[in-house]
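This report walks through selected packing features of one chain. The sequence and coordinates come next.

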Amino acid sequence: MPPVFAHGELRLYLLALLVEGARHGYELMTELADRFGGTYKPSAGTIYPRLARLEEEGLVRRVPADEAAGRKAPYELTPAGRAEVEARWSDIVRLESSVAETVRSRADELRADIRETMRGVRAELAA
């Protein structure tokens, strides 16, 4: 199966998700899985290094612990992060369209796999 995101697209998509408000890494993983209809769920090893890199670039920050109500601190956009999202909004819109197409394609592949498996099961049962 081809990769879900091209180079740099996951980085941009994470920034776009953070426009909606501060989120923990796990929440971002869950949101991505939801947006992909369960056909793609990034691992912690995919998300956290990218969040760390975005933090190094000054585009996101961890909400200070006293503001995070005792939980692990979520990530939020910095003013520089918001400026990047605004500057690249057309790329984000295009990326969102690509995500929708990827979901449709993966769902079609899944349906075809299920149909083929069911044919095999029916043939086994008939034999």
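## Arg23, a buried charge

Arg23 is buried in this predicted model. Its relative accessible area is 13%, and the cut-off for buried is under 20%. Arg23 sits in the loop between helix 1 and helix 2.

What does the side chain of Arg23 pair with? A polar contact of 2.4 Å joins it to the side chain of Glu20. Beyond four places in sequence, Arg23 also touches Leu17, Leu18, Leu28, Glu31, Pro74 and Tyr75. In the same region of the chain, Gly21 comes just after helix 1 and takes a positive phi of about 135°.

## Two more buried loop residues

Pro74, one of the residues that Arg23 touches, lies in the loop between strand 1 and strand 2. Pro74 has 9% relative accessibility and counts as buried. Pro74 and His7 are 67 residues apart in sequence. Their C-alpha atoms are 25 Å apart in space.

Thr78 belongs to another loop, the one between strand 2 and helix 4. Thr78 is buried too, at a relative accessible area of 12%. Setting aside residues up to four places away in sequence, Thr78 touches Gly58, Leu59, Val60 and Arg61.

## Helix 1 under cover

How much of helix 1 is buried? Helix 1 is mostly covered, with eight of its 11 residues buried. These are Leu10, Leu12, Tyr13, Leu14, Leu15, Ala16, Leu17 and Leu18. They pack against helix 2, helix 3, strand 1 (60-62), strand 2, helix 4 and helix 5.

## The nonpolar core

The largest nonpolar core has 25 residues. Phe5, Leu14 and Leu32 have the most contacts inside it. Five elements give two or more residues each: helix 1 (9-19), helix 2 (25-35), helix 3 (44-56), strand 2 (75-77) and helix 5 (89-126). Helix 1 gives the most, with eight residues.

What surrounds Phe5? Leaving aside neighbours within four places in sequence, Phe5 is in contact with Leu10, Tyr13, Leu32, Phe36, Tyr40, Leu95 and Val99. Of these partners, Leu10 and Tyr13 are among the buried residues of helix 1.

## Helix 1 against helix 4

Two packed helices are described by the angle between their axes and the distance between the axes. The axes of helix 1 and helix 4 (residues 79-87) come within 10 Å and cross at roughly 110°. The two helices are therefore roughly perpendicular to each other, since that class covers 65 to 115 degrees.

Helix 1 brings Arg11, Leu15, Ala16 and Val19 to this contact. Helix 4 brings Arg82, Glu84 and Val85. By type, the contact residues are four nonpolar, no polar and three charged.

## Helix 1 against helix 5

How do helix 1 and helix 5 cross? Their axes come within 10 Å, at an angle of roughly 105°. Helix 1 and helix 5 are therefore roughly perpendicular to each other.

On the helix 1 side, the contact uses Glu9, Leu12, Tyr13 and Ala16. On the helix 5 side, the residues are Asp91, Ile92, Leu95, Glu96 and Val99. The contact divides into six nonpolar, no polar and three charged residues. Leu95 and Val99 of helix 5 are also among the contacts of Phe5, as is Tyr13 of helix 1. Ala16 of helix 1 takes part in the contact with helix 4 and in the contact with helix 5.

Note on methods
Residues numbered from 1 in each chain as written. Predicted model: local features only at pLDDT ≥ 70, side-chain atom pairs only at ≥ 80, totals over all residues. Heavy atoms only, no water. Core = buried A, V, L, I, M, F, W, Y, C linked by side-chain atoms within 4.5 Å. Buried < 20%, exposed > 50% of the residue type's maximum accessible area, 1.4 Å probe, protein only. Helix = DSSP H or I, 4+ residues; strand = E, 2+ residues; numbered from the N terminus. Contact = heavy atoms within 4.5 Å. Axes fitted to C-alpha atoms, helices over the stretch in contact; angles between N-to-C directions. Parallel < 35°, antiparallel > 145°, perpendicular 65-115°, else oblique. Nonpolar A, V, L, I, M, F, W, Y, C, P; charged D, E, K, R; others polar. Polar contact = N/O pair within 3.5 Å; in protein donor to acceptor, adjacent residues only side chain to side chain.
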